[in-house]
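Got the viewer open? Let's take a walk through this one, from the ligand site out to the helices.

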Amino acid sequence: MGCDHALITKAALTTGKARKAYVSDISEECLKKARITLAGRDASYFVFDGINPDIKADAIIICGMGGKLISKMISAYNGDAKLLLSPQKNPESVRLALESNGYKITKDFCFESSRKFYDCILAERGHMKLGVMERKFGAFYRTRSEALKKKLEKMLANVKKGPDKEKSAELEEALSWQK
Ligand SMILES: C[S@@+](CC[C@H](N)C(=O)[O-])C[C@H]1O[C@@H](n2cnc3c(N)ncnc32)[C@H](O)[C@@H]1O
């Protein structure tokens with residue numbers, strides 16, 4: 001949902017990761033773009049604000065929005081679909097919303113594209129309890145990852161330039177697992 005041009009949906013259908021797609025967005029204009037991208041494919045289209053509870057999908061993809069907006073959507077959702085989430089910022093609020101709404105994270109990794117870093121979180125119904133560091137830096141932040149290391153180093157360099165120096169300790173702790 002929040003499909004915009006539906007390029008992610010196209011990739012899911014093209015690679016066989018999805019057989020059918022329910023494509024939704026708050027904007028009718030975006031759905032027009034999605035219809036062009038997905039012409040000839042098995043897809044249904046809906047203008048909707050948030051997750052449409054009438055659609056019973058196996059998995060829901062929500063990418064490219066702020067973490068606070070994604071958290072609001074997850075908190076209002078009571079279905080059983082697996083979730084694939086990629087918040088543009090505030091990923092910690094997404095992890096907290098998952099924890100509070102009966103989801104457990106099964107994968108949580110960072111990747112780099114065009115010199116920007118993105119979080120990708122997969123979750124399914126279940127129970128989890130995250131610590132502060134896991135919420136902030138990823139459920140598996142202790143697992144080695146070149147992209148996460150680079151992202152943490154960049155964050156640390158920025159924090160060291162600014163006034164909020166006590167954040168350095170957390171970043172240094174997170175980075176210590178990546179050495
Ligand atoms: C930056 S685009 C991301 C598109 C695509 N998901 C991706 O990652 O490539 C964000 C999309 O979210 C949609 N959106 C924003 N708020 C929404 C809401 N409350 N409910 C549904 N869609 C929303 C916007 O209209 C826009 O198409």
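Before we look at the ligand, one bit of vocabulary: a residue counts as near a molecule if its C-beta atom, placed from the backbone, lies within 6 Å of it. Also keep in mind that this is a predicted model.

With that cut-off, which residues come nearest to the ligand? Out of 15 residues around the ligand, the nearest are Gly2, Asp4, Ile26, Cys63 and Gly64. As for chemistry, the shell around the ligand is made up of eight nonpolar, four polar and three charged residues.

Now move along to helix α4, which spans residues 91-100. Is this helix mostly covered or mostly open? Mostly covered: seven of its 10 residues are buried. Those are Pro91, Glu92, Ser93, Val94, Arg95, Ala97 and Leu98, so you'll find charged side chains on that list as well as nonpolar ones. What do the buried residues pack against? Their partners are the helices α3 (67-75) and α5 (132-137), plus the strands β4 (82-86), β5 (103-113) and β6 (116-125). After α4 comes Gly102, which has a positive phi, near 70 degrees.

The pairing of α3 with α4 is worth a closer look. Their axes sit 7 Å apart and the helices pack at an angle of about 10 degrees, which makes α3 roughly parallel to α4. On the α3 side, the contact uses Gly67, Lys68, Ile70, Ser71, Ile74 and Ser75; on the α4 side, it uses Pro91, Ser93, Val94, Ala97, Leu98 and Ser100. Sort those residues by type and you get six nonpolar, five polar and one charged.

Next, scroll on to α6 (residues 146-161) and α7 (residues 167-176), whose axes come within 10 Å and cross at roughly 160 degrees. Angles over 145 degrees count as roughly antiparallel, and therefore α6 and α7 are roughly antiparallel to each other. Their crossing is left-handed. From α6, Lys149, Leu152, Glu153, Met155, Leu156, Val159 and Lys160 meet Lys167, Ser168, Leu171, Glu172, Ala174 and Leu175 of α7. This contact divides into seven nonpolar, one polar and five charged residues.

While you're on α7, pick out Glu173, which lies in that helix. Why is Glu173 called partly exposed? Because it has 13 other C-beta atoms within 10 Å, whereas a buried residue needs 20 or more and an exposed one has 12 or fewer. Finally, try a distance: Glu173 and Asn101 are 72 residues apart in sequence, and their C-alpha atoms are 28 Å apart in space.

Notes
Residues are numbered from 1 along each chain as its sequence is written. This is a predicted model: local features need pLDDT of at least 70, side-chain atom pairs count only at pLDDT 80 or more; totals for chains, interfaces and linings use all residues. Axes are lines fitted to C-alpha atoms, for helices over the stretch in contact, and angles run from 0 to 180 degrees between N-to-C directions. Helices (H or I, at least four residues) and strands (E, at least two) are DSSP runs, numbered from the N terminus. Angles under 35 degrees count as roughly parallel, over 145 as roughly antiparallel, 65 to 115 as roughly perpendicular and the rest as oblique. A crossing is left-handed if the near helix is turned anticlockwise from the far one by less than a right angle, and right-handed if clockwise. Two residues are in contact if their C-beta atoms, placed from the backbone, lie within 7 Å.
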